[in-house]
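Biologist: Got a minute to walk me through this model? I'd like the overall picture, and then how things pack.

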Amino acid sequence: MSKWRDGVRRFGLAIPMLSWAGVALADYTFNFPTPVTPIAHDTLRVHNLFMVIALVLFFGVFALILYSIFKHRKSAGHKAADFTAPRGGKQWFFVLVPFAALLYIDYIVFGIPAYHAVLMYEDTKTDAEMVVKVIGSQWKWQYEYPEEGIKFVSVLTTPQDQISNKAPKGEHYLLEVDNPLVVPAGRKIRFITTSTDVIHSWWVPAFGVKRDAVPGFLREFWATIDTPGIYRGQCAELCGKDHGFMPVVVHALPEAEYKQWVAQKKDAMAKQAASADKTWSKDELMALGKEVYAKACAACHQPDGKGLPPAFPPIAGAKVAAAPFLDKDGRLVKDGHLDRVMNGKAGTAMQAFKSTLSDAEIAAVVTYERNAFGNTAGDLVQPAQVKGLR
Amino acid sequence: MTTVAVHGHDAHHEQATGFKRWLVTTNHKDIGTMYLIFAFTMLMVGGLMILLVRAELFQPGLQLMQPGFYNQLVTLHGLIMVFGAAMPAATGLANWMLPLMIGAPDMALPRLNNWSFWILPPAAVMLVTPFVLGLFGVGTGAVDTGWTMYAPLSVQTGWGMDFAIFAVHMLGMSSILASINVVVTILNMRAPGMTMMKMPVFAWAFLMTAILLIIVMPVLAGGVTMVLMDRHFGTHFFDAAGGGDPVLWQHIFWFMGHPEVYVLLLPIAGVIPHVLSTFSRKPMYGYKGQVYAIIAITVLSVMVWAHHMFTSGMSVGAQLYFMYSTMLISLPLAVLFFCWIATFWRGSMSFEAPMLFALGFVVLFGWGGLTGLVLADAAADAQYHNAYFLVAHFHYALYPTVIMGAMAGVYYWLPKWTGNMYDEKLARLHFWITVIAFNLTFIPQFFVGLAGMPRRIPDYALQFVEFNMISSVGAFILGFAHLLFIYIVIKCVRGGEKAKDKSWEGAEGLEWTVPSPAPYHTFDTQPVIK
């Protein structure tokens, strides 16, 4: 076996185009990743069965064609027959057999299991033990656990240097995030999806599920993960510029570890909520703002704040970042800086961040934008102000 | 032209020369030629765009372009190939061959014919202009939503979308006009004695294609107009916040988009039986079966659209309906395959380029059809949908059809069009390069798709590296094959061994009764069919 594989590898390396990759040929996969949910198991079974049938049909018919090509050729002196339709009962029988076989394959071999598979796929409610809400936004996923009151945003962490080939690529290049979705293994999880802007699609191949996140509507799917582990996937519906850069990472933990994680997460959320009530210094706001900017804003407005006009306007030197954001009664100025960040701008890629960022994060990032990239508004936004304006 | 002497009535009106001849021509052969040249030009443009994409995907990381630009390339590739290359190529074949095959002097509506062609170049310019402007830093670039233009992304994106909307209007107008012409020609201009069931399969296929286009193109035109209204006039057709529904767009789009697949297939299903019969020196098998299958495909194709939307979320009942109705299409398709194979079975085959391309089509399209069956499984579809498996599947369904099938037709009738035989050796080489490069490009895409690579991404995880490299190498070879094709055609136009009126030993049909090259005007007196 190893000798065979060595041979294959050497052969592969002999072809320059393969050696450029410098990646072992062992990385080749010819089928779905190992399934870990009932749906994925079922899909793999259907896929394997189907591939066998399709390949047999294909090569069977191909063999017939090849036989005809070699046997019924003019250069071999074959004289053409002149039949144009089935004649007699026996010929009609042979004409109809393939169609009967096809009907049988379509509606019996595939049709019946597919009927049950669709019912299983859509049955999100029976025995569901928990709910996770998956919200797609350009270009990140937000996860909510309604029963636990937990909610966080998950964004790509692959450094820009790796994407632009200035640094070697890591093992999980493009498939790594800051806050993975954490779920317990062995429990039936009912997922509810929606989107805040355009249509996204949540897909983890090992789960065998893919469901669109449609703005303004709720869609459902479910998964019971049988093996704890880390599972990766990607957005599967073109959702704009960074469609290729919003991966899904799921940590499926054993029940006890999951409980621990929930407790920790709740604790952290409580601390975050408390932080909204204290008064922040400019340095604190700027430090947090810089972090938030890198995660939430830099994809469009660029790390240097210069944007990618005209689709993504600059923040550096922008009028909106210098003009007041509250009117004299302390209300949001319509289309002012804070309004834009909190409520977005309809019809553009600028989304409403009030649903994905905390009070402190919004306050910090607006403060940062007003006082970085050469902007000199000088004023601060306090988390408490944001909290009051929600 | 020498035929002026033969056809005395040419003296009545003056033949314009130079560019004006082509601008004002109402001759079906001129217009057919223009359609074919236009289609090939667009094939090159769309091909160049996808080669840039394949170059970017050769390695992981962003080498050549930014994601926004990548999205423009992918989108334009789709729109250009479908509306700019595939459909005009079919219309070009229809224009050239329909009158010759049904014994008509010209298309029924010659001026409409001229207009339906001349709407195309402005539409193409309209589609590509924002892309070119974008290269010079003007504007937001071309439409970047994928050729499916899913709302609300298409509502949100830059003004390349507006250009695409108007381009789609014009392209749709052009197809509808051309389709009306085809229907009227076939119904009214057949040679005396040629009843509907004596008409060549070619004519039946184009009749059904034209009817499909007349049914579905207005729906798309309405749909893109709704997007335009949402973008600029404050309507909320596709915005849930105003009571609309983004998924409505998908229904409208795929009501056009799925029949569109058959709009691309059927013309080729009309060409292939003639080629197979000619080079097997054996009459076509199952004429009636083929005609009924083509009609059945036409009817079924407008009833199955939502199988493109299984992951969008729909009721169990709807999923089951669209799954089972989709599977039903495999039956008439199987009839066609059966008839194609039975046509050359026990024939006396020779393997000139048209025959090679036709056989290549039958085999490769067969695999495209088979992989389509498993995509119809609504539950399993979740795993294939919008992954590279799907990309590979529909390229197996479309490339052997619209490109290889059309090339079979072009090689088959080139002697009739030009009066010269093409270079057979080079054409066979062209075939083998095409087949090998095509498989090299798309087989790896099945595997990356199964492993979990989504479509329309400019950069990918490291587990997909090798297959993407192989695919890119294949794509560049495939691109080269098209250059060889154009060289062979130009060489043939310029000269070569003179073609006989009946250019192929086993050829049957009215088109082989006129001289090669076909005179400017043919069948002034219609032949009588017994």
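What follows is a short chat about one chain's shape, the contact between chains and a helix pair.

Modeller: Bear in mind that this is a predicted model, where local features need pLDDT of at least 70 and side-chain atom pairs count only at pLDDT 80 or more, while totals for chains, interfaces and linings use all residues. Residues are numbered from 1 along each chain as its sequence is written, with chains lettered from A and ligands numbered from 1 in the order in which they are written.

Biologist: What is the radius of gyration of chain A?

Modeller: The C-alpha atoms of chain A fill a box of roughly 95 × 50 × 50 Å along the principal axes. The globule rule (2.2 Å times the number of residues to the power 0.38) gives 21 Å for 390 residues. Chain A is more spread out than a compact globule, because its radius of gyration, taken over C-alpha atoms, is well over that, at 29 Å.

Biologist: Which element gives the most to the side of chain A that touches chain B?

Modeller: The contact (C-beta atoms, placed from the backbone, within 7 Å) takes 87 residues from chain A and 82 residues from chain B. Helices H2, H3 and H4 of chain A are among the elements giving two or more residues to that side. With 14 residues, the top contributor is H4(A).

Biologist: How are H4(B) and H6(B) oriented to each other?

Modeller: Their axes, lines fitted to C-alpha atoms over the stretch in contact, with angles running from 0 to 180 degrees between N-to-C directions, come within 11 Å and cross at roughly 175°. Angles over 145 degrees count as roughly antiparallel. So H4(B) and H6(B) are roughly antiparallel.

Technical notes: Two residues are in contact if their C-beta atoms, placed from the backbone, lie within 7 Å. Helices (H or I, at least four residues) and strands (E, at least two) are DSSP runs, numbered from the N terminus. Angles under 35 degrees count as roughly parallel, over 145 as roughly antiparallel, 65 to 115 as roughly perpendicular and the rest as oblique.
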